[in-house]
Amino acid sequence: MQKKLSPEERANIVAEKRQVKAEVRAQTIQQVKKQRELAASRKKMHSEIVTAIKGDKNNQAQYAKEEKAFKRDDKKAVAARVAEVKTWYESQDKTDKDVVRTYKWKMQEAKRPNYDFSGIIKFENISYAYGVGTPFEHRALDGVNGLEIQPGKITAVIGMTGSGKSTLIQLTNGLILPSTGRTLVGNYQLYAGMKKIHEVKPLRKEIGLVFQFPEYQLFQDTIEKDISFGPINLGRNKSDVVKEVPGLLKLVDLPEDYLKRSPFDLSGGQKRRVAIAGIIATDGNTLVLDEPTGGLDPQGEEDFMNIFNHLNKDKGKRIIIVTHNMDHVLKIADEVIVMHEGRVIATGSPFEVFSNQKLLEKIKIEPPKVYKLAFKLKEQGLDVTKKEFRTIEDFAKAIKETRK
Ligand SMILES: Nc1ncnc2c1ncn2[C@@H]1O[C@H](COP(=O)(O)OP(=O)(O)OP(=O)(O)O)[C@@H](O)[C@H]1O
Ligand SMILES: [Mg+2]
């Protein structure tokens with residue numbers, strides 16, 4: 001039998017129900033308020049990007065004009081380039097299929113505008129929004145202006161998740177075009193107003209990009225084909241390229257008998273190794289690496305850092321690397337670009353960036369281990385953070401010198 005409730009108990013239950021109702025109501029009001037705020041901020045962002053795009057129209061017209069002028073001047077040099085290729089072909093074995101293929105390629109190249117992609121990479125008035133006018137619109141870059149990436153150097157791009165690092169580096173090889181402004185790769189420009197990216201092949205010959213998620217990059221049915229695809233597609237002799245593939249597999253520490261295996265059966269880390277091998281095979285002057293060591297063990301990470309360092313120091317490659325590993329940045333970078341909420345908030349040497357405690361706190365990034373130690377020492381009254389050090393040995397030396 002059900003127990004009869006006392007008037008007091010009944011009153012308590014009524015009060016409890018009321019309280020729950022009030023809480024639910026308060027929560028709903030809060031949620032509606034939040035949604036309204038979000039909608040308002042989206043609207044504001046949308047109108048800002050629309051205004052920025054409109055305001056950039058004159059710049060775009062200017063870039064298009066420069067483009068036209070370049071092509072007009074370059075046309076005058078085409079005849080000489082074509083003659084040079086013909087002379088080369090005369091001395092070749094014309095029955096060799098590879099030679100004929102290379103000839104056709106060279107001829108095609110000779111007729112193309114002869115851009116120099118090897119110079120400074122420069123970002124001017126760049127903003128970038130994904131899905132403009134859709135419910136998924138998101139401004140990933142906001143006014144990146146005057147940023148330069150030098151040839152022959154190792155430049156690291158750092159910043160919190162979502163700060164715009166991948167978006168920024170994808171602008172370098174034309175995977176995406178900016179919403180405003182332009183990216184210059186040497187004297188070649190990628191600008192918002194372009195209807196279509198032209199000269200993609202020579203651009204990709206200069207700039208090889210390893211995606212943050214390399215599974216998007218592999219598409220051939222064997223690893224051998226995947227690694228050799230880039231260089232063959234960019235005009236190199238097929239048999240020459242195929243001969244180099246075993247050496248490349250060795251370089252990225254994959255067994256040689258993987259040649260005929262499918263790249264899709266590999267682990268994440270192994271896929272990454274194949275993607276990196278493909279970019280090295282392409283042999284462009286610039287390697288853009290988006291968190292290239294994700295999914296690798298510490299030894300694998302270390303090995304790749306050494307490979308990238310070697311490609312820079314011994315082969316003069318420009319390396320642009322996005323990484324969350326600050327120890328690596330300190331070890332190999334010449335320059336650091338610090339991104340925050342779609343903006344570049346600092347650039348400088350690793351020493352300049354890592355000795356700036358306030359900056360690191362702002363972007364919520366842990367400094368390299370030696371800098372952590374240096375900050376601890378500073379708290380104890382021994383400040384070596386103004387010295388330049390990359391290794392424990394340099395650090396010990398800095399302490400010794402400061403204590404003198
Ligand atoms: N395809 C897309 N559509 C809409 N928004 C996107 C898209 N890709 C990225 N974004 C948004 O743009 C912002 C910048 O993204 P980006 O990938 O450049 O950041 P990131 O610095 O590389 O981050 P992470 O360190 O996580 O790789 C993020 O807020 C992200 O959610
Ligand atoms: Mg990213």
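**Exercise 1. Classify Gln212 as buried, partly exposed or exposed, then find what it coordinates.**

Solution. Start with the accessibility: Gln212 has a relative accessible area of 23%. Buried means under 20% and exposed means over 50%, so Gln212 counts as partly exposed in this predicted model. Next, look at its side chain: the OE1 atom of Gln212 coordinates the magnesium ion (ligand 2), together with OG of Ser166, at 2.0 to 2.2 Å. Finally, place the two donors along the chain. Ser166 sits in helix α5, while Gln212 belongs to the loop between β7 (207-210) and α7 (223-233). The pair is 46 residues apart and links distant parts of the chain.

**Exercise 2. Is the other donor, Ser166, buried or exposed?**

Solution. Take its relative accessible area, which is 19%. The cut-off for buried is under 20%, so Ser166 is buried.

**Exercise 3. Locate Ser163 and list what it touches.**

Solution. First, the position: Ser163 is in the loop between β4 (154-159) and α5 (165-170). Second, the accessibility: the relative value is 3%, so Ser163 is buried. Third, the contacts: leaving out residues up to four places away in sequence, Ser163 touches Ala140, Met339, His340, Glu341, Gly342 and Arg343.

**Exercise 4. Which residues form a nonpolar surface patch with Phe264?**

Solution. Begin with Phe264 itself, found in the loop between α8 (238-251) and α9 (268-282). Its relative accessible area is 45%. Patch members need over 30%, so Phe264 passes that cut-off while being partly exposed. Its partners are Phe219 and Phe229, and together the three have about 300 Å² of accessible area.

Terms used: Residues numbered from 1 in each chain as written. Chains lettered and ligands numbered in written order. Predicted model: local features only at pLDDT ≥ 70, side-chain atom pairs only at ≥ 80, totals over all residues. Heavy atoms only, no water. Patch = residues over 30% accessible without salt bridge, like charges linked within 9 Å, V, L, I, M, F, W, Y side chains within 5 Å. Areas by Shrake-Rupley, 256 points an atom, 1.4 Å probe, with all protein chains shown as cover. Salt bridge = Lys/Arg side-chain N within 4 Å of Asp/Glu carboxyl O. Helix = DSSP H or I, 4+ residues; strand = E, 2+ residues; numbered from the N terminus. Buried < 20%, exposed > 50% of the residue type's maximum accessible area, 1.4 Å probe, protein only. Contact = heavy atoms within 4.5 Å. Donors = N, O, S within 2.8 Å, 3.2 Å for Na, K, Ca; no water.
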